[in-house]
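Q: I'm new to this one and would like a close look at a single part of it. Could you take me through the aromatic rings and the core around them, and then show me what else lies along the chain?

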Amino acid sequence: MNTQQKRYFLAEDDIPRQWYNIQADMVNKPLPPLNPATKEPLRPEDLFPIFAEELARQELNQTDAWIDIPDEVRDMYKYYRSTPLVRAYGLEKALGTPAHIYFKNESVSPVGSHKLNSALAQAYYNKKQGVTNITTETGAGQWGAALSYAAKVFGLECAVYQVKISYNQKPYRRSIMQTFGASVEASPSMSTRAGKDILTRDPANQGSLGTAISEAIELAVSTPNCKYTLGSVLSHVSLHQTVIGLEAEKQMAMAGEYPDVIIACFGGGSNFGGIAFPFMRHTILEGRATQYIAAEPASCPKLTRGQFQYDFGDEAGYTPLLPMYTLGHNFMPASIHAGGLRYHGAGTIVSQLLKDGLMKAVDIQQIESFDAGVLFARAEGIIPAPESCHAIAATIREANRCRETGEERVILFNLSGHGLIDMTAYDQYFAHSLQNYEVTDEQVAANLAKLEKVI
């Protein structure tokens with residue numbers, strides 16, 4: 001063990017047996033998703049054509065705080081959980097900060113990220129229902145890799161639409177998905193009506209998560225015995241990810257500390273909700289003073305500069321209308337290497353929590369994120385994924401404030417995945433060829449002006 005680290009693990013019996021549903025405890029519940037045709041609130045059965053029925057019920061469940069983890073899913077969790085909670089002495093020393101920094105290391109899962117926590121659950125519920133085929137989208141490929149593996153575990157066929165820029169930037173993630181038996185196609189593609197329409201308008205289109213979602217949903221609804229699955233944004237995905245925070249609670253108690261600040265990178269909200277929501281219940285129910293920070297890219301700033309309104313979760317408008325902070329479903333993000341964060345909107349739960357002031361968001365430029373990732377790697381011996389680098393950059397900002405003020409705060413962040421398949425991005429960083437991208441207020445306003453206003 002690295003003498004600059006201290007790691008905390010749980011016994012097998014301490015791995016959570018239930019997921020935590022924060023919607024049940026929220027004072028202001030998220031507004032309901034709407035049927036885009038009628039503008040009426042959705043019922044679970046409205047989602048059955050797209051999702052497995054139990055997942056649709058979990059999505060709209062605002063009453064049950066605790067949802068049992070099926071034994072078959074928990075048995076698979078035991079292969080890699082609990083993940084370690086690590087005291088980052090090396091990073092503290094490198095920063096010269098009095099802060100105590102901890103990170104939850106989700107990179108130790110078989111596929112290298114937190115995404116497997118929900119992939120196993122979603123594959124299980126589809127298999128239990130008798131579904132034979134599942135589809136999905138993926139950005140950087142971490143979710144696609146996780147679902148491809150989970151599909152193989154439960155005997156399902158899996159088709160993945162990977163955002164074209166990431167498909168080309170990260171060929172080894174594509175190889176991982178194919179190794180697990182999934183079919184992988186660059187999005188936008190010519191295999192769906194949504195993809196054809198986009199390429200007709202813009203033949204050089206490099207894709208977005210909104211585009212890939214449209215294609216995956218279209219394939220699901222047009223294929224017999226097939227359902228769609230999603231790696232972030234939706235409430236049932238964040239629900240499954242709460243195993244992260246529930247474990248971290250017990251591990252922080254083992255360390256004899258409690259976090260003053262909790263940080264995670266932010267694309268759609270799954271890993272942020274996963275680590276933050278279990279702690280946030282103590283803030284909601286007991287008034288516990290903890291700060292929650294979502295770190296998003298400056299090139300896709302839906303939380304820091306987007307607008308709260310109903311919008312589609314995909315580019316083609318196949319999804320329900322979701323109450324979210326959004327840049328507009330037709331927003332085309334810059335081609336940053338943190339492909340998992342290139343999404344136009346935020347999940348409904350996080351959007352309501354931000355609206356209510358229970359959390360805050362910061363935006364991080366691409367080069368600052370890689371500065372942070374390299375510093376972390378040299379201090380802790382783990383190369384982080386470009387997405388996770390955003391959380392590390394926000395952590396460094398907070399730790400530096402502690403150094404300036406002399407305040408000894410406890411900071412916990414989620415290391416959502418490793419970057420060993422992202423070394424091309426690091427090569428570009430060391431060659432000084434990475435760029436920062438920023439969206440202007442005028443661009444955001446112009447894009448949002450195109451959206452239908454739904455009260």
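A: What follows starts in the core, moves on to the aromatic rings, and then visits some helices and backbone spots. Keep in mind that this is a predicted model.

Let's start inside. The largest nonpolar core has 73 residues, and the ones touching the most other members are W19, I22, L120, F272, L303 and M359. Pick L120 as your way in: leaving out residues up to four places away in sequence, L120 touches V73, M76, Y77, Y80, A150 and F154. There's another core too, lying apart from that one, with 29 residues, including I293, A372, F376 and L415.

Two of the neighbours of L120 are Y77 and Y80, and they bring us to the rings. The structure holds 15 aromatic pairs. In the pair made by Y77 and Y80, the ring centres sit 6.3 Å apart and the planes meet at 80°; since anything over 60 degrees counts that way, this pair is edge-to-face. Are these two buried or exposed? Y77 is buried, at 0% relative accessibility, and Y80 is buried as well, with a relative accessible area of 8%.

Now look at Y149 and F180. Their ring centres are 5.3 Å apart and their planes are at 55°, so this pair is tilted. It ties together distant parts of the chain: Y149 belongs to helix α6 (residues 142–153), while F180 is in the loop between α8 (171–179) and β8 (183–187), 31 residues apart. The two partners fall on either side of the cut-off for burial, which is 20% relative accessible area. Y149 has 18%, so it counts as buried, whereas F180 has 23% and counts as partly exposed. Elsewhere, ring pairs join F370, Y426, Y429 and F430 into a cluster.

From Y80 it's a short step along the chain to a backbone oddity. R81 and S82 are joined by a cis peptide bond, with omega at about 5°, and S82 sits in the loop between α3 (71–77) and β4 (85–88). A cis peptide bond also joins S187 and P188, where omega is about 10°. P188 is in the loop between β8 and α9.

That leads us to α9 itself. Helix α9 (residues 193–201) and helix α10 (residues 209–221) have axes that come within 8 Å and cross at roughly 145°. On the α9 side the contact is made by R193, A194, G195 and I198, and on the α10 side by T211, S214, E215 and E218. Sorted by kind, the residues of this contact are 2 nonpolar, 3 polar and 3 charged.

Further along is helix α17 (residues 386–405), with 20 residues. From first C-alpha to last it reaches 29 Å, close to the 28 Å expected at 1.5 Å a residue. It's mostly covered, with 15 of its 20 residues buried. G406 follows α17 and has a positive phi, near 80°.

Positive phi also turns up in residues that aren't glycine. K39 has a phi of about 65°; you'll find K39 in the loop between β2 (18–20) and α1 (44–47), and it counts as partly exposed at 30% relative accessibility. H432 has a positive phi too, near 60°. Its place is in the loop between α18 (423–430) and α19 (441–448), and at 74% relative accessibility H432 counts as exposed.

Methods. Residues numbered from 1 in each chain as written. Predicted model: local features only at pLDDT ≥ 70, side-chain atom pairs only at ≥ 80, totals over all residues. Heavy atoms only, no water. Axes fitted to C-alpha atoms, helices over the stretch in contact; angles between N-to-C directions. Helix = DSSP H or I, 4+ residues; strand = E, 2+ residues; numbered from the N terminus. Contact = heavy atoms within 4.5 Å. Nonpolar A, V, L, I, M, F, W, Y, C, P; charged D, E, K, R; others polar. Expected span 1.5 Å × (residues − 1). Buried < 20%, exposed > 50% of the residue type's maximum accessible area, 1.4 Å probe, protein only. Core = buried A, V, L, I, M, F, W, Y, C linked by side-chain atoms within 4.5 Å. Phe/Tyr/Trp six-rings, centres within 6.5 Å; stacked < 30°, edge-to-face > 60°.
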